[in-house]
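Let's walk through this one together, starting with the ligand and then moving on to the sheet and its helices.

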Amino acid sequence: MTTYELEQLLLQQPVSLLHRLARGRISRHFRSGKRKLIDLLLHASEQNRPGLESDLIALIEEPTRRQPAAPAEKLPQAQAHPRTVGSPAAHRPHRIEDHGHHEPPVSLHDWLSGIGVPPPQPFVPDAWQVDALAQLAETDVVVSVPTGSGKTYVAIEATARAMRENRTVIYTSPLKALSNTKFTEFSRLFGPDQVGILTGDRRENAQAALLIMTTEILRNLLYDAAGGEIDVRLDTLGLVIMDESQYLADPERGVVWEETLIFCPSQARLLLLSASIGNPQDIADWLTAIRPTPCSLIRHTKRSVPLRAGYLHPNEKLTPLFRTAGIPYGQPHLLHPEAKRLFAEYEEETGPSRSR
Ligand SMILES: Nc1ncnc2c1ncn2[C@@H]1O[C@H](COP(=O)(O)OP(=O)(O)OP(=O)(O)O)[C@@H](O)[C@H]1O
Ligand SMILES: [Mg+2]
């Protein structure tokens with residue numbers, strides 16, 4: 001559509017529709033009259049023309065679509081016997097609302113398929129997990145792999161190995177809740193006498209071979225050690241695991257991670273685990289520069305657990321967020337028609353005119 005055609009189409013619309021189109025695009029749009037609103041929308045369309053056109057057409061067609069649209073299912077029923085979201089429109093291969101998309105939007109059933117507990121099968125470590133453990137025998141290691149890849153396996157195997165060599169292990173996490181979870185998990189794995197926890201709230205089995213603590217507590221231990229009060233645990237320290245190490249970049253708390261890494265005893269191996277470090281090579285290079293041991297990077301970006309994006313309306317209606325089962329990054333115009341309908345419904349219910 002040319003800019004002229006878009007302008008003509010906008011001019012034909014009621015101002016209420018233009019306001020809905022402006023939501024999220026233009027701040028304080030409700031102060032503008034129709035002509036001003038169209039100018040602002042045309043200006044905003046320079047950022048994402050296909051998105052604006054697609055939303056406009058969806059809004060124009062909405063009254064005709066609302067009538068026949070099947071309501072989105074509530075979660076439990078959806079899993080028991082899901083139906084196609086947005087049917088019957090979704091079944092028609094080429095309606096105008098597809099707006100250039102020949103594929104019908106993904107159905108709720110297809111979008112939910114495959115979720116659940118997989119059948120049991122023998123555990124085979126992934127190549128990157130084997131590689132990380134092999135590298136850790138020689139160097140410090142930064143692991144930067146997606147969420148759900150299995151970083152805990154590397155932490156557990158590395159811990160078991162250090163403990164076999166009578167070295168103590170410190171596992172740090174940024175959150176007390178995560179520390180508590182890991183304490184329970186590792187106590188089950190290694191035996192309760194082998195595992196201790198030190199957080200602001202809890203101090204149990206503080207002389208154990210594997211100590212779980214928040215990063216702040218480890219930093220304070222290292223401060224004490226630097227001041228001459230050497231803690232016995234640090235003498236035998238063989239491995240420091242820093243889970244969620246992307247906190248190094250946190251504007252408030254990052255300094256704690258930085259100081260911990262700088263003060264970490266040179267005889268201990270470092271294992272940094274993260275799903276979301278943007279520049280892991282820089283971190284590995286920095287650690288190589290400041291520590292006597294070089295640091296290797298284990299990195300990959302392939303997700304073993306694919307992401308699905310959905311929209312759960314406060315009234316418990318669930319729908320895929322996008323037309324596709326996967327997430328079409330950078331293509332917000334591919335929003336699922338049912339998600340758009342629910343958004344609009346929610347905005348109508350909660351918008352400024354209602355709250356006045
Ligand atoms: N090699 C493997 N093959 C199959 N499943 C695995 C493998 N390694 C780990 N898993 C399983 O993958 C799941 C996620 O693992 P884990 O919690 O360690 O992920 P993570 O990388 O720490 O994720 P997060 O970034 O969310 O902390 C667990 O259920 C774990 O048992
Ligand atoms: Mg993890």
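## What counts as a polar contact

Before we look at the ligand: a polar contact here is a pair of N or O atoms within 3.5 Å. Keep in mind that this is a predicted model.

## Around the ligand

With that cut-off in hand, take Gly148: one of its backbone N or O atoms sits 2.8 Å from an oxygen atom of ligand 1. Ser149 also joins in, with a polar backbone atom 3.2 Å from an oxygen of the ligand. Val124 deals with a nitrogen atom of ligand 1 instead, at 3.0 Å from a backbone N or O atom.

How much of ligand 1 does the protein cover? On its own the ligand has 640 Å² of accessible area, and the protein covers 57% of that. The shell is made up of 4 nonpolar, 6 polar and 3 charged residues. Of the 13 residues around ligand 1, those that come nearest are Val124, Gln129, Gly148, Lys151 and Thr152.

## The sheet

Now for the strands. There are 8 of them in an open sheet with mixed pairing, ordered 4-3-5-2-6-7-1-8. Strand 4 (203-204) and strand 8 (295-299) each have a single partner strand, so one side of each has no neighbour in the sheet.

At the strand 4 edge, strand 3 (residues 195-198) pairs with strand 4 in the antiparallel sense over 2 bridges. Ile197 has Glu204 of strand 4 as its bridge partner.

## Helices across the sheet

Helix 10 (residues 215-226) lies across strands 2, 3, 5 and 6, and runs at about 105° to strand 5. Helix 13 (residues 280-290) lies across strands 1, 7 and 8, running at about 165° to strand 8.

Conventions:
Residues are numbered from 1 along each chain as its sequence is written. Chains are lettered from A and ligands numbered from 1 in the order in which they are written. This is a predicted model: local features need pLDDT of at least 70, side-chain atom pairs count only at pLDDT 80 or more; totals for chains, interfaces and linings use all residues. Side-chain values use heavy atoms; hydrogens and water are left out. A residue is near a molecule or strand if one of its heavy atoms lies within 4 Å of it. A polar contact is a pair of N or O atoms within 3.5 Å; within protein, one must be able to donate a hydrogen and the other to accept it, and residues adjacent in sequence count only if both atoms are side-chain atoms. Accessible areas come from the Shrake-Rupley method with a 1.4 Å probe; for residues, only the protein chains shown count as cover. Ala, Val, Leu, Ile, Met, Phe, Trp, Tyr, Cys and Pro count as nonpolar, Asp, Glu, Lys and Arg as charged, and the others, Gly among them, as polar. Two strands pair if DSSP finds at least two bridges between them. Helices (H or I, at least four residues) and strands (E, at least two) are DSSP runs, numbered from the N terminus. Contact means heavy atoms within 4.5 Å. Axes are lines fitted to C-alpha atoms, for helices over the stretch in contact, and angles run from 0 to 180 degrees between N-to-C directions.
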